[in-house]
Amino acid sequence: MSEKIAQLKEKALAELATVETTKQLQDLKVQYLGKKGPIQELMMTMKDLSKEERPIFGQAVNEVKKYLESKFEEAAVVISERELAKKLEEEKIDITLPGYKMEHGNLHPLVLVQRELEDVFIGMGYTVEEGPEVEYDLYNFERANIPQDHPARDMQDTFYIDAERLLRTHTTAIQTRQLEAGKEKMPLKMICPGKVYRRDDDDATHSHQFTQIEGLVVAEGITLADLKGTLEFMARKILGEKCAVRFRPSFFPFTEPSVEVDISCHMCGGKGCNVCKHTGWIEVLGAGMVHPGVLEMAGIDSKKYSGFAFGVGIERIAMLKYGVDDIRHFYTNDLRFLKGFSRFE
Ligand code: DAH
């Protein structure tokens with residue numbers, strides 16, 4: 001009988017020596033020491049033994065059981081250590097590898113210029129107003145003193161939605177809305193940034209969609225001198241302290257008088273270069289004194305109040321400021337182009 005116990009012990013130890021994983025170890029433990037295992041089986045046979053043999057046999061089986069239990073425990077420690085070491089080896093990270101670079105975006109050049117212009121005007125006490133891009137003919141044209149069949153409509157080829165509505169062709173549409181909305185709240189002092197649309201063929205200097213900022217000041221006693229001083233201040237802030245501003249007579253139906261505004265070339269300081277086509281001056285925006293008829297149509301007394309307005313293309317300013325030679329760069333979203341502006345943020 002004791003031989004059987006010894007054999008069992010040897011067999012268990014031999015199998016234990018081949019175990020590699022905790023799972024295998026647990027299975028083997030159940031196999032030998034579990035309720036249905038051979039040790040338990042031996043215990044069951046005790047009842048068939050004589051009174052004298054029983055305690056000796058029982059003790060022998062118990063010893064083997066204890067011995068195997070301790071061996072299983074030892075093996076459990078060794079195996080779990082081995083497993084941990086293996087896991088650590090597999091999950092080892094090379095801390096000398098360069099990390100992944102975090103991609104982060106930057107502001108679009110048009111946003112940069114728009115924000116800069118907004119800051120300049122907010123600093124002068126202007127509010128920032130907006131209006132709808134799908135606009136009524138009424139506000140885009142009629143109230144801007146451009147009635148049906150007026151030849152000035154040809155200057156702004158239009159995307160029509162239906163007989164009454166269109167994609168606004170200029171931010172002057174916001175101006176006419178604001179005049180109406182503000183007629184009881186004089187004085188008015190605001191800028192109105194926004195996208196505008198024209199049925200132009202896209203090329204280096206034209207785009208069917210672009211961005212403008214409209215400026216509007218209405219109060220008692222506003223003159224052309226206020227307009228000039230304001231634009232000069234803006235130009236110096238945006239393009240450089242040495243900028244001078246020049247007015248040339250022009251025509252817009254919604255202003256009288258109307259002017260085309262040139263800024264002295266910030267590249268050559270007025271000496272003449274490629275940017276200013278060797279004239280020393282760069283045309284940047286249209287402006288004028290708000291036409292009395294436009295004030296009256298909005299319900300404002302043109303005898304009491306006068307005002308100036310201007311409309312500036314943000315793309316135009318951005319092209320001048322950053323030396324961009326093709327307006328399409330702003331919309332094609334080539335990251336090589338856009339990323340270059342991160343340093344201006
Ligand atoms: N609306 C004009 C355009 O889109 C720009 C403009 C010119 C706006 C003169 C004005 C202005 O407010 O007074 O070409």
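## Report on a predicted model: sheet, cores and ligand site

Strand 1 and strand 4 (residues 188–197) run parallel and are joined by two bridges. The model is predicted. Across this pairing, Thr127 stands opposite Met190, a residue of strand 4.

The two strands belong to an open sheet of seven strands, whose pairing is mixed and whose order is 1-4-5-9-8-7-6. Its edges are formed by strand 1 (127–128) and strand 6 (245–252), each of which pairs on one side only.

The nonpolar residues are considered next. In soluble globular proteins, nonpolar side chains tend to be buried together. Here the largest nonpolar core contains 48 residues, and the members that touch the most others are Leu231, Leu285 and Phe310. When neighbours within four places in sequence are left aside, the contacts of Leu285 are Leu231, Met234, Val259, Glu260, Val261, Phe310, Gly311 and Val312. A second core, separate from this one, has 22 residues, including Met190, Phe254, Val290 and Tyr305. Met190 thus appears both in this second core and opposite Thr127 in the sheet.

Another residue of interest is Thr169, which is found in the loop between strand 3 (165–167) and helix 7 (172–181). Is Thr169 buried or exposed? Its relative accessible area is 0%; because buried means under 20%, Thr169 is buried. Its side chain is joined to that of Asn140 by a polar contact of 2.9 Å. Beyond its neighbours within four places in sequence, Thr169 is in contact with Asn140, Phe141, Gln156, Asp157, Thr158, Val196, Tyr197 and Arg198.

Arg198 also has a place at the ligand. There are 16 residues around the ligand, and those that come nearest are His170, Thr172, Arg198, Gln212 and Glu214. For three of these residues, the table gives the distance from an N or O atom of the side chain to an atom of the ligand.

| Residue | Ligand atom | Distance |
|---|---|---|
| His170 | nitrogen | 3.0 Å |
| Thr172 | nitrogen | 2.9 Å |
| Glu214 | oxygen | 2.7 Å |

How much of the ligand does the protein bury? Taken alone, the ligand exposes 360 Å², and the protein buries 92% of that area.

Taken together, these descriptions link several parts of the model. Arg198 is in contact with Thr169 and is among the residues that come nearest to the ligand. Helix 7 (172–181) follows the loop that holds Thr169, and a side-chain atom of Thr172 lies 2.9 Å from a nitrogen atom of the ligand.

Technical notes. Residues are numbered from 1 along each chain as its sequence is written. This is a predicted model: local features need pLDDT of at least 70, side-chain atom pairs count only at pLDDT 80 or more; totals for chains, interfaces and linings use all residues. Side-chain values use heavy atoms; hydrogens and water are left out. Helices (H or I, at least four residues) and strands (E, at least two) are DSSP runs, numbered from the N terminus. Buried means under 20% relative accessible area, exposed over 50%, partly exposed in between (1.4 Å probe, protein chains only). A polar contact is a pair of N or O atoms within 3.5 Å; within protein, one must be able to donate a hydrogen and the other to accept it, and residues adjacent in sequence count only if both atoms are side-chain atoms. Contact means heavy atoms within 4.5 Å. A nonpolar core is a set of buried Ala, Val, Leu, Ile, Met, Phe, Trp, Tyr and Cys residues joined through side-chain atoms within 4.5 Å. A residue is near a molecule or strand if one of its heavy atoms lies within 4 Å of it. Accessible areas come from the Shrake-Rupley method with a 1.4 Å probe; for residues, only the protein chains shown count as cover. Two strands pair if DSSP finds at least two bridges between them.
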